Amino acid sequence: MKQAIFLRARATLCGAAFAAALTASAGSSFAAVPPKAGPMIVQPATTMEQAVKDGARIFAQDSFGTKQTWVPNGAFNSHLMSCAACHTSGGLTEGVTPSGARLPSLIGAASNYPKFKAKKHAVYTLERQIVHCVRAGIMGQPPGYDSAEMVDLVVYLTALSKGAAMGHQMPAVAH
Ligand code: HEC
């Protein structure tokens with residue numbers, strides 16, 4: 001029991017310190033930025049730091065060519081929408097689905113991919129999950145599997161899992 005409490009306290013601390021470090025490295029406070037259409041990457045990143053920054057920006061701002069969004073009553077509306085519309089604060093905090101269900105933070109999520117999806121009897125890569133989110137969540141055009149945009153999103157999500165053990169749910173950062 002003591003051990004569990006210690007581990008949780010440690011994980012929370014790690015999460016907070018990590019979020020601060022990531023926020024600094026991504027160069028943004030994850031403040032809500034209106035999504036926009038159009039290319040997000042002018043020059044593909046040549047360093048990991050740059051890929052994380054680009055990924056954070058894509059996550060916060062790319063509309064994936066959709067105008068679908070949802071409003072608090074769960075109805076779809078006609079506004080541009082990004083990953084951050086559901087996965088709040090760059091995925092560091094718990095999000096809310098269009099139907100109002102709580103969505104876990106993405107801290108540590110990447111360390112559980114590739115992931116077995118029992119209902120489909122399929123193993124999802126992180127890329128396939130991203131494609132699923134864009135198609136099913138916002139009816140948008142997902143980035144291609146090998147596109148620079150997909151690479152940056154995967155690098156960004158992987159950075160959110162640095163130090164996370166496989167098979168554990170990491171605590172979200174408080175809103
Ligand atoms: C309409 C809301 C919505 C949007 C927009 C959305 N997601 Fe998701 N996302 C979800 C939901 C709901 C889940 C959990 C259920 C599931 O697996 O589909 C999820 C799960 C995930 C997971 C897996 C988490 C885990 O622990 O298994 C990742 C990674 C993810 N989303 C990344 C993204 C990225 C990157 C984008 C933008 C390209 C995005 N999501 C856009 C709703 C959304």
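**Ligand shell and helix packing in the predicted model**

In this predicted model, the ligand is surrounded by 22 residues, of which Cys83, Cys86, Ala109, Cys133 and Gly137 are the closest. The shell is made up of 16 nonpolar and six polar residues, with no charged residue among them. Two helices, H3 (126-138) and H4 (148-159), each contribute at least two residues to this shell, and the largest share, eight residues, is drawn from H3.

The protein chain that forms this site contains four helices and six strands, arranged along the sequence in the pattern α-α-β-β-β-β-β-β-α-α. Of its 175 residues, 37% are buried. Among contacts with a separation of 6 or more, 62% join residues that are 24 or more positions apart.

Packed helices are described by the angle between their axes and by the distance between those axes. The two helices that line the ligand, H3 and H4, pack at an angle of about 110°, with an axis separation of 10 Å, and H3 is therefore roughly perpendicular to H4. In this contact, Leu126, Glu127 and Ile130 of H3 meet Met150, Leu153, Val154 and Leu157 of H4, a set that divides into six nonpolar residues, one charged residue and no polar residue.

Helix H4 also packs against H2, here at an angle of about 100° and with the axes 7 Å apart, so that H2 is likewise roughly perpendicular to H4. The residues contributed by H2 are Met48, Ala51, Val52, Asp54, Gly55, Ala56, Ile58 and Phe59, while those contributed by H4 are Glu149, Val151, Asp152, Leu153, Val155, Tyr156 and Ala159. By class, the contact of H2 with H4 comprises eleven nonpolar, one polar and three charged residues. Leu153 of H4 thus takes part both in the contact with H3 and in the contact with H2.

Both partners in the latter contact have the length expected of them. Helix H2, which runs over residues 48-61 and has 14 residues, reaches 20 Å from its first C-alpha to its last, close to the 20 Å expected at 1.5 Å a residue. For H4, the end C-alpha atoms are 16 Å apart, which agrees with the span of 16 Å that its twelve residues should have at 1.5 Å a residue. Within H2 the buried residues include Ala51, Val52, Lys53, Asp54, Gly55, Ala56, Ile58, Phe59 and Ala60, and within H4 they are Glu149, Asp152, Leu153, Val154, Val155, Tyr156, Leu157 and Ala159.

Several loop positions complete the description. Ser89, in the loop between strand E2 (76-78) and strand E3 (95-96), is buried, with 22 other C-beta atoms within 10 Å; this residue lies 8.4 Å from Ala60, C-alpha to C-alpha, although the two are 29 residues apart in sequence. A positive phi of about 50° is found at Phe64, which is not a glycine and which belongs to the loop between H2 and strand E1 (68-70). Phe64 is buried, with 25 other C-beta atoms within 10 Å. His121, again not a glycine, has a positive phi of about 45° and is located in the loop between E5 and strand E6 (122-124), where His121 is exposed, with 7 other C-beta atoms within 10 Å. Finally, Tyr113 and Pro114 are joined by a cis peptide bond with an omega of about -5°, Pro114 being placed in the loop between strand E4 (102-103) and strand E5 (115-117).

Definitions and conventions. Residues are numbered from 1 along each chain as its sequence is written. This is a predicted model: local features need pLDDT of at least 70, side-chain atom pairs count only at pLDDT 80 or more; totals for chains, interfaces and linings use all residues. A residue is near a molecule or strand if its C-beta atom, placed from the backbone, lies within 6 Å of it. Ala, Val, Leu, Ile, Met, Phe, Trp, Tyr, Cys and Pro count as nonpolar, Asp, Glu, Lys and Arg as charged, and the others, Gly among them, as polar. Axes are lines fitted to C-alpha atoms, for helices over the stretch in contact, and angles run from 0 to 180 degrees between N-to-C directions. Angles under 35 degrees count as roughly parallel, over 145 as roughly antiparallel, 65 to 115 as roughly perpendicular and the rest as oblique. Two residues are in contact if their C-beta atoms, placed from the backbone, lie within 7 Å. A residue is buried if 20 or more other C-beta atoms lie within 10 Å of its own, exposed if 12 or fewer, and partly exposed in between; C-beta atoms are placed from the backbone. The expected span of a helix is 1.5 Å times one less than its number of residues.
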